[in-house]
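Visitor: Please take one part of this model and go through it closely, packing and neighbouring space included.

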Amino acid sequence: MKNQTLIKVLRGVEAERRPIWFMRQAGRYLPEYRKVREQAGSFLDLCYAPELAAEVTLQPLRRYDLDAAIIFADILVVPHAMGNGLAFVEGEGPVLETVRGPTDLARLGNGSGSKMFSSVCETVSRVRAELDPGVSLIGFCGAPWTVASYMIEGRSSQRKLALACAAARASWFVELMARLVSVSIDYLCLQVEAGADLLQIFDSWGGELEGVLFDDFCVDPIARIVAGVKSRHPHVPIIVFAKGAGKRHRDIYQRTGCAALGLEAEFAMCEAIKLMPQGSVLQGNLEPSLLLGDAETVVATVREIVGSISRRRHIFNLGHGIQQQTDPAMLSVVVEAVRKFDGETA
């Protein structure tokens, strides 16, 4: 692990090159993924089939010169392991059994000993055994606010009810958030013990919270997860990605104790550099939709991002996940451009 480029950057150690990985790098844009997905059946069947999940986790590393693999799973593994009903509907996405009061909360467990957690951890172990020692393996979970929103709404299309519950600070909602913190700590630690080298916490909808709600239900729960994991595994770096936080990223970085901060594409890297504390490590933040366009624009944008920040404090990534319609060849364009321009800002 000492020789992993990504770990070096996260620990403030000089690395020989700028680390690269992509959110959703294992996914439907790859024909080899689609073949395995068809073999598995449903998306959930694939998530909980360690041999197949390990295969799709490793597929992008065979195509691209990447510095990390991220385990193939889903942020909704946590509520599913807690006993919350979950299904993935083709063309619609996740559909969950709703949690909207104390009675619903009472039926949820803590995920301990669940098939869901054990399956993901077996996938982690399989991937780490096959992965080049110099390539990092990332474990992850969803942040409590994003996961709770799914559980309350029952799907991803809107968050009106979840936002109303947060604003009202209903006792059952506060308890749900606390339980998600606790279960997420356990889940992340299990991934570390199975072989994950570092972790990422995804708060895909954290930026939608305003004012004190952002502090209480985005920043604070993530800070508690980071502290809980560090109490058991103090040397494991944690990246936090709270999409849409904008200038509030500084608060997240300072208050959570994370090793690095992921940035959405809408927040320019040059602006983030001015805002963030000196020496902070940033991840991102190429706009994923650019990969649906022409290579010339992609290369120019990559050069702009790489030129704005030293590789000593940067992990190249997208500002969100790879889109399904992306031509796999465009990822090669990105990787080659990063490697080409890397030396200019070393």
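**Helix 14 and its surroundings**

Guide: Helix 14 and helix 15 lie oblique to each other (under 35 degrees is roughly parallel, over 145 roughly antiparallel, 65 to 115 roughly perpendicular, the rest oblique). The model is predicted, so local features need pLDDT of at least 70 and side-chain atom pairs 80 or more, while totals for chains, interfaces and linings use all residues. Residues are numbered from 1 along each chain as its sequence is written, and side-chain values use heavy atoms, without hydrogens and water.

Helix 14 covers residues 295-308 and helix 15 residues 328-342 (DSSP runs of H or I, at least four residues, or for strands E, at least two, numbered from the N terminus). Their axes cross at roughly 40 degrees and come within 9 Å (lines fitted to C-alpha atoms over the stretch in contact, with angles from 0 to 180 degrees between N-to-C directions). The crossing of helix 14 over helix 15 is right-handed (near helix turned clockwise from the far one by less than a right angle).

On the helix 14 side, the contact is made by A295, V298, V299, V302, R303 and V306 (heavy atoms within 4.5 Å). Helix 15 meets them with M330, V333, V334, A337, V338, F341 and D342. This contact holds 11 nonpolar, no polar and 2 charged residues (Ala, Val, Leu, Ile, Met, Phe, Trp, Tyr, Cys and Pro are nonpolar, Asp, Glu, Lys and Arg charged, the others, Gly among them, polar).

Helix 14 also borders the second largest pocket, where it supplies 4 residues, the largest share of the lining (1 Å grid, 1.4 Å probe, open set with protein on both sides within 12 Å along at least five of seven lines, lining atoms within 4 Å of a point). T301, E304, I305 and S308 are among the lining residues, as are A265, A268, M269, C270, N285, L286, E287 and L290. Helix 13 (269-275) and strand 8 (282-286), like helix 14, each give at least two residues to this lining. By class, the lining has 7 nonpolar, 3 polar and 2 charged residues. The space in this pocket is about 170 Å³ (filled by probe spheres set on grid points joined across faces, edges and corners).

For comparison, the largest pocket holds about 1,200 Å³. It is lined by 37 residues, of which R24, R28, F43, D74 and F88 are the closest to its centre. That lining divides into 20 nonpolar, 11 polar and 6 charged residues. Helix 2 (31-40), strand 2 (86-89), strand 3 (93-96) and helix 8 (144-153) each contribute at least two of them.
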